[in-house]
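Here is a short report on a sheet in one chain and a helix in another. Keep the structure open as you read.

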Amino acid sequence: MKQFNKNIYKNDLILVLTLTFLFIVIYLGIIGLGNDKESASLLKIYHKNQLIQTIQLTESQNEIIELSVENFHHKIALMNGQVAMIEADCPDGICVQHKPIKYKGESIICLPHKLVLLVEHQEETEIDAVTW
Amino acid sequence: MNKKVAISGMLLASSFILSYIEQLFPIAVGIPGIKLGFGNLVILLGFYLLPWKTVILIDICKVILGNILFGNVMAISFSMAGAICSFVCMYLLYKTKKFSPIGISAAGGVFHNIGQIMVASIVVETYSVLYYLPVLFISGLLTGILLGIIGNQICKYIKIIDHKGVI
């Protein structure tokens with residue numbers, strides 16, 4: 001039967017405290033890194049497959065952009081890193097009903113006006129493998 | 001020798017049961033990929049029961065077979081990296097004989113996650129995986145402490161076999 005010496009637990013406490021301290025350092029480091037521009041997303045607006053505008057999406061953003069292409073008027077809202085089409089004068093209005101987009105690869109498309117709002121350069125959305 | 005084989009087999013089988021049981025605990029954190037890591041209890045006990053070379057073997061088998069049974073085969077490389085990282089850390093701490101199972105397990109849990117994240121960020125070639133590091137770090141620490149407390153209690157009640165296989 002193995003009995004552990006009482007002092008061993010003190011060493012454990014020191015070890016755990018050291019690791020916690022390390023955690024705090026890493027946490028601050030990662031949060032610090034997270035604030036640079038490379039992690040933000042880019043919204044690209046294409047008309048007839050040609051890039052007409054690029055907008056940087058940031059976390060705290062609240063603007064409405066008016067887009068006028070060839071007599072078509074669209075209003076795009078940028079809120080907190082999300083993009084939504086709030087007004088469009090196309091016949092079906094499907095683009096206005098689209099849920100706000102945020103992640104890489106998501107897009108809002110207005111077919112009649114051949115307008116595409118595409119998000120690029122976003123970070124990974126989820127882990128898709130769990131290891132054992 | 002026979003005792004070593006028997007105990008190794010039992011530990012390995014226990015690790016599968018533990019992997020299965022840990023799937024039954026829902027973890028209410030929003031981050032996918034957090035798991036309790038009960039299987040590491042087996043490795044921890046292995047240090048006190050078997051020579052380290054045998055424990056490495058059990059660890060490798062546990063990673064490969066455990067992933068085939070309960071996870072996906074693709075995750076084997078990530079898991080292996082984490083397991084090797086945690087094994088080295090735990091063995092070094094064990095050798096100094098200054099830490100109880102609680103500390104060894106806590107450090108092992110943390111380094112397991114660190115190893116996994118490092119490999120993941122290299123393989124997937126992105127730094128964004130590193131955003132999970134703080135969360136996984138703290139969860140590895142907490143689950144390691146939990147497992148260590150369990151392992152500590154177990155160690156008090158089992159007979160420790162010294163490294164030549166003699167009780």
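Two strands pair if DSSP finds at least two bridges between them. Helices (H or I, at least four residues) and strands (E, at least two) are DSSP runs, numbered from the N terminus. This is a predicted model, in which local features need pLDDT of at least 70, side-chain atom pairs count only at pLDDT 80 or more, and totals for chains, interfaces and linings use all residues. Residues are numbered from 1 along each chain as its sequence is written, chains are lettered from A and ligands numbered from 1 in the order in which they are written, and side-chain values use heavy atoms, with hydrogens and water left out.

**The sheet in chain A**

Four strands make an open sheet in the order β2-β1-β7-β6 (chain A), and their pairing is antiparallel. β2 (50-57) and β6 (107-110) of chain A each have a single partner strand, so one side of each lacks a neighbour in the sheet. Strands of a sheet pair through backbone hydrogen bonds.

Now follow one pair. β6(A) joins β7 (residues 115-120) of chain A through four bridges, in the antiparallel sense. Two of the facing residues are tabulated here.

| Residue in β6(A) | Opposite residue in β7(A) |
|---|---|
| A:I108 | A:L117 |
| A:C110 | A:L115 |

The two strands form a hairpin with four residues between them. In the turn, A:K114 has a positive phi of about 55 degrees.

Which side chains of β6(A) are buried? A:I108 and A:C110 are, and they point to one face. A:S107 and A:I109 point to the other face and are not buried. Buried means under 20% relative accessible area, exposed over 50%, and partly exposed in between (1.4 Å probe, protein chains only).

**A helix in chain B**

Helix α3 (residues 52-70) of chain B has 19 residues. At 1.5 Å a residue it should span 27 Å, and its end C-alpha atoms are 26 Å apart, which agrees. The expected span is 1.5 Å times one less than the number of residues.

Buried residues of α3(B) include B:V55, B:I58, B:D59 and B:K62. An α-helix has 3.6 residues a turn, so residues three or four places apart point the same way. The cover over the buried residues of α3(B) includes α1 (2-22), α2 (40-49) and α4 (76-96) of chain B.

**Confidence**

pLDDT is the predictor's confidence in each residue, from 0 to 100. Chain B has a mean pLDDT of 81. Among its elements, α3(B) has the highest mean, 90.

Conventions. Contact = heavy atoms within 4.5 Å.
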